Amino acid sequence: MTLVECSFPLYGSCTPLHILLNPEFGDCTVQKLLRIDEENIQRYACKYMNTIYKVTFFNYLLASSHKRFKSCVSRIGSKMKVFTQKRNPLTGCTEWDMQDEDNDYHQEIARSAFADMLHDTERNQKYSKALKLAIEKMHNDGKKANVLDIGTGTGLLSIMAAKSGADTIVACEAFQPMAECCLRILECNGVADKVTVIPKRSTELTVGENGDMKQKANILVTEVFDTELIGEGALSTFSHAHKFLLEEDAIVVPDSAVIYAQVVECPILQKWNKLNDLADEDLQIILKTPKKIKECAGSAAVHDVQLSQISRQSFRELSDQIPVFYYDWSGATPIIMQRTVKQEFSVVTTGKAQLVFMWWELNMDQEGKISLSCAPWWSHPDADISSQTPQDTIPWRDHWMQAVYYLPQETELHKSMEATLVSCQDEYSLWFYVETEHKPQHYRRPICECGVHMAYSRTHVSYLNDGRRSKQFLAQLKKEITNDSIVLDLNGSNFMGLSAAKMGAKEVFIVEKMKMNVGILMDYIAENKLSNVTVIPEAGDDVLKKVTNVVGDPSFTSAILPWENLKIAYLLFKYREKLNSGLSVIPERCEFWAVPVEFQNLHKIRVPLGVCEGIDMSKFDELVETSRLISDAEVEAQPLWEYPSKCRGVPRKLIEIDFHDLKPTYAFNGVQQIIESQDDEGTTLTINGFALWAVWNIGGKDIVTGPIKSPVLGENIEWDPHTRQAVKILKKTFTMKTSDKWSYQIACDIEKGQFNVNLDLVCNE
């Protein structure tokens, strides 16, 4: 029998549909569809993808649906293989790929933040110190120290408890691969006999003679926090633990937490939230943003950001930091699952209240002597304000960043006036309002009603608001569009086809299949009173034969990695025989560039741990490396403006694709010298990764989605904040001479919509 797990579309693509094959018989029988919790899935979609698709969740049996897949069955020992259905962002088609049956587990491990957390020295040491104090207190009171570690992961905190003299330790971990890894790490560190690992959620634990725990614990240590503090279910975890798993006088590590908020005006970050009118170089409005989009309350989904990387000159602090929520994890007071708090504040600077910065602080021990702050540098207790780079004087972490919440409506505030910050919390999330008049109203969680905040990622909204790019696009359109132009827009989510229609094109056809995107286009068409636009799901022969101009703004909502925007090339190649020769194409060509870099901190999310706080974590490193080899691509997308990196070589062009002369396939490889300048010959450079980006040519001018200005060897690179770059993180930091080399291989199949790239150092070790 074979289990089929059917899921749903998120973020413009489909989650995997798995078919498990019996390796002995090759039979594929559909047994049942996976039961999914709608609330959790919608929360995940809203929080991490900024996208919600209404999905009907169901569970039923399909009988006697038999197919033979003998020719497709692959076997490693007795392991079954999985056919994974994925959406190709270039072609838009669903494709099948054969993976190990545990592929999802390996993917989860390879992309988890376990390593990032364990590289967080401050976190580790403060947990250890607070845990040691708790155990000592129990012993001083004449009691045994019975520790419960919820969500143990690698077992780090349990090992710390064992080394600090805990009498009994129970560690629970629901993620099976990590639970198994934890057992190996415990054995490797000689404490396997002191820690009992239960592969369950804490809410499933039983207490009693025949239970998972023989008695209730009197010390709880756990780290179930995210950037929002409560987004991973911390409230229900602590509440359940106090009711069923802990003694009344139990010590909890951490003991409590405080959430801080700050009201700010920040036009740069507001570009990630509100779509502006589209204006040309003369500041003439070409395309008006529909009123319903401008007035939309937006999404309550948190925007995780490394706030310390934002220039202080780019925002105004309209309030001081305000403590909005206090959480008592100790159990002395009840944990409230839902509440609204109003706090008056005196406005410190005149400006528009556009968004709220949020961060939190943990009090690790009962006396409040050990605290851990996630504040940005200007509010961090340990920041060296006198330093030239104060953001570098505080602990770096990616698993706990700061949060940005966009206010439903902008509010004008004046210095010294009194305003009210309304802070709302449910079991998993937060949202905020700012008001200047005290009148009764409901503070509902903001819900997008315009479609933009559901259909577009925050990065895509920011891209659309990038005036530097749009003005260049519009300037070229003005040169090429005439009253006789028949325009084909290959990317309906970027509005260049609509702009061509406004400029007087005779007819514009926009290719767009996604219903939400079509709805947004229709709102723009109505707002701008356009009658010469037709939205089509596919360009047919009748349209292609009369097209004079093709437009394809290279930022598709389905694209994550830079080359996934080559959907333009894929479609042009697909339509090549039907299109007229000599027609105008914008952009004209694309290039991909790469440079070796030294990441200041980003590499910590991937590099091996080795020894962590004196504890051998090599078994975890082995697990991650195995998982990466099985399931994970070496190149990933990152918004590098948030992650400082130094230029460690000359940027090199790897490939160029001319859209007027497309080939079905491209293959390039080569070896590049890191730097050729004789002035720097013999200089050593530390390199721990590569960055890769696209350059699009429009009217002979380049739009660069990588460095904003030419990188200078040894200096930090200033990255485009409106796109994500591709990143390869090396397994360790290498010391190279400027005369050393790095290699690249690129294989691009335009006809099939496939792109593969590999970058590596050529070491002389």
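**Figure 1. Two loop residues with positive phi, L283 and K529**. L283 sits in the loop between strand 15 (278–279) and strand 16 (285–287) of this predicted model. Its phi is about 65°, positive although L283 is not a glycine. Most residues other than glycine have a negative phi. With a relative accessible area of 65%, L283 is exposed. K529 belongs to the loop between helix 14 and strand 28. Phi of K529 is also positive, near 55°. K529 is exposed as well, with a relative accessible area of 73%.

**Figure 2. Two cis peptide bonds that lead into prolines**. V253 and P254 are joined by a cis peptide bond, with omega about 5°. P254 is placed in the loop between strand 13 (246–253) and strand 14. The bond from I586 to P587 is cis too, with omega near 0°. P587 is found in the loop between strand 30 and strand 31. Most peptide bonds are trans.

**Figure 3. Strand 19 and its partner, strand 14**. Strand 19 covers residues 322–328. Of its 7 residues, 5 are buried, so strand 19 is largely enclosed by the rest of the structure. Strand 14 (residues 256–265) runs antiparallel to strand 19, and 6 bridges join the two. Across this pairing, I259 stands opposite F325.

**Figure 4. The aromatic cluster and the largest nonpolar core**. Ring pairs connect F225, F238, F325, Y327, W329, W360 and W400 into a cluster. R339 lies over the face of Y327, at 4.9 Å from the ring centre. The largest nonpolar core has 93 residues. Those with the most contacts inside this core are L148, F225, L229, Y327, W329, L362 and L421. Another core, of 58 residues, lies apart from it; L566, L685, I750 and F755 are among its members. In soluble globular proteins, nonpolar side chains tend to be buried together.

**Figure 5. A tilted ring pair, F592 and F755**. The whole structure holds 22 aromatic pairs. In the pair of F592 and F755, the ring centres are 5.3 Å apart and the planes stand at 50°, so the pair is tilted. This pair links distant parts of the chain, with the two positions 163 residues apart in sequence number. F592 lies in strand 31 (residues 589–599), and F755 lies in strand 42 (residues 754–762). Both F592 and F755 are buried.

**Figure 6. An arginine over a tyrosine ring**. R469 lies over the face of Y463. The distance to the ring centre is 4.1 Å.

**Figure 7. An open antiparallel sheet of 3 strands**. The strand order is 20-24-25. Strand 20 (339–346) and strand 25 (430–435) are the edge strands, and each pairs on one side only. On average, neighbouring strands of this sheet are turned by 20° against each other, direction ignored. Strand 24 (residues 418–425) pairs with strand 25 in the antiparallel sense, over 6 bridges. C424 has W431 in strand 25 as its bridge partner.

**Figure 8. An open parallel sheet of 5 strands**. The order is 28-27-26-29-30. Strand 28 and strand 30 (584–586) form the edges, and each pairs on one side only. From one strand to the next, the twist averages 15°. Strands of a sheet pair through backbone hydrogen bonds.

**Figure 9. The crossover from strand 27 to strand 28**. Strand 27 (residues 507–511) and strand 28 (residues 533–536) run parallel, joined by 4 bridges. V508 has V533 in strand 28 as its bridge partner. The chain passes from strand 27 through helix 14 (residues 515–527) to strand 28. This β-α-β crossover is right-handed. Helix 14 contains N517. N517 has 0% relative accessibility, so N517 counts as buried. The C-alpha atoms of N517 and A455 are separated by 6.6 Å, although the two residues are 62 residues apart along the chain.

**Figure 10. Helix 5, largely enclosed**. Helix 5 spans residues 156–163. Because 7 of its 8 residues are buried, helix 5 is largely enclosed by the rest of the structure. The buried residues are L156, L157, S158, I159, M160, A161 and A162. G165 follows helix 5, with a positive phi near 95°.

Definitions and conventions:
Residues numbered from 1 in each chain as written. Predicted model: local features only at pLDDT ≥ 70, side-chain atom pairs only at ≥ 80, totals over all residues. Heavy atoms only, no water. Buried < 20%, exposed > 50% of the residue type's maximum accessible area, 1.4 Å probe, protein only. Core = buried A, V, L, I, M, F, W, Y, C linked by side-chain atoms within 4.5 Å. Pairing = 2+ DSSP bridges. Axes fitted to C-alpha atoms, helices over the stretch in contact; angles between N-to-C directions. Phe/Tyr/Trp six-rings, centres within 6.5 Å; stacked < 30°, edge-to-face > 60°. Lys NZ or Arg CZ within 6 Å of the ring centre and 35° of its normal. Right-handed = clockwise from strand over helix to strand, strands pointing away.
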